[in-house]
Amino acid sequence: MGGFQWNIISEYMPLFVEGTLMTLKCTVICVIAGTLLGLVLGVGRLAEARHGFYKYFLRYAVQYPVRFYVSFFRGTPLFVQILLIHFALMPLLINPSGGLLISGDFAREIRSQYGAFMSAVLAISLNAGAYVSEIFRAGIQSIDRGQAEAARSLGMTYMQTLRKVVLPQAFRRMLPPLGNNAIAIVKDSSLASAIGLAELAYAARTVSGAYARYWEPYLTISLIYWAITLVLSAFVQHLETRYGKGDRRQ
């Protein structure tokens, strides 16, 4: 068996570097997309009107579909969602022979060059949006309703009240769970190796397959994942300290 063989890591270092960059790229895109989607879904979940047509429109056309979406993506495994999007949805949308969005040679090129990346980003972003929507919903509901009512009495619209009064206060309380969600996305990106995305887990699987050794590649990517999550945790803690000063002065 022998000890830890550093030569294996040094030989495949470019592959690990490429996998790290792909993991970071996927994480950044999915965190941004998932957060924006979660904000829209969270606001949609809380949207309401007291009277008339809009009351029923918001309930049946916004609230119920959002609840179904959140329930589905939180209630099914992310791994299954990645496979479903990559092998079922993407071929339906982007297909050389009659894709609903893109077809022909351009579709073939996109599928071969970026297919796994697009599927992974779409699946993880949709999944993250479901979880982030609950974070936004809880954060918005944690703010006293009297503040929103006072803003509305001053002539602010619903969106102005949300943007200028509610969300800035709720953001401080949402930072820890949003940070945890970003860390979860880093680790969830490893599932994309199942569809051939060349990220960290794919790099480790390639090396272990070449040498039939597992300590070196999987311990290496474990340390890389750990380092990324430590940096993310420190960044979130910095934001908590910075934005928490306002709460301590109150």
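**Helix kink and helix packing in a predicted model**

Trainee: What makes helix α4 a kinked helix, and where is the kink centred?

Mentor: In this predicted model, helix α4 (residues 78-93) has a kink of about 40 degrees, centred on Ile 85. The bend is the angle between axes fitted to the seven residues ending at a residue and the seven starting there.

Trainee: Which residues of α4 are called buried, and what do they pack against?

Mentor: The buried residues are Leu 78, Gln 81, Ile 82, Ile 85, His 86 and Met 90. The term buried requires under 20% relative accessible area. These residues pack against α3, α5 (105-141) and α7 (158-188).

Trainee: Why are α2 and α3 called oblique to each other?

Mentor: Helix α2 (residues 13-46) and helix α3 (residues 52-75) pack at an angle of about 130 degrees, with their axes 8 Å apart. Angles over 145 degrees count as roughly antiparallel and 65 to 115 as roughly perpendicular. The angle of about 130 degrees belongs to neither range, and the pair is therefore oblique.

Trainee: Which residues make this contact, and how do they divide by class?

Mentor: Leu 37, Leu 41, Gly 44, Arg 45 and Leu 46 of α2 meet Val 62, Gln 63, Val 66, Arg 67 and Tyr 69 of α3. By class, the contact has six nonpolar, two polar and two charged residues. Gly counts as polar.

Trainee: How many helices and strands does the protein have, and what share of its residues is buried?

Mentor: The protein has nine helices and zero strands. Of its 250 residues, 38% are buried.

Notes. Residues are numbered from 1 along each chain as its sequence is written. This is a predicted model: local features need pLDDT of at least 70, side-chain atom pairs count only at pLDDT 80 or more; totals for chains, interfaces and linings use all residues. Side-chain values use heavy atoms; hydrogens and water are left out. Axes are lines fitted to C-alpha atoms, for helices over the stretch in contact, and angles run from 0 to 180 degrees between N-to-C directions. Helices (H or I, at least four residues) and strands (E, at least two) are DSSP runs, numbered from the N terminus. Angles under 35 degrees count as roughly parallel, over 145 as roughly antiparallel, 65 to 115 as roughly perpendicular and the rest as oblique. Contact means heavy atoms within 4.5 Å. Buried means under 20% relative accessible area, exposed over 50%, partly exposed in between (1.4 Å probe, protein chains only).
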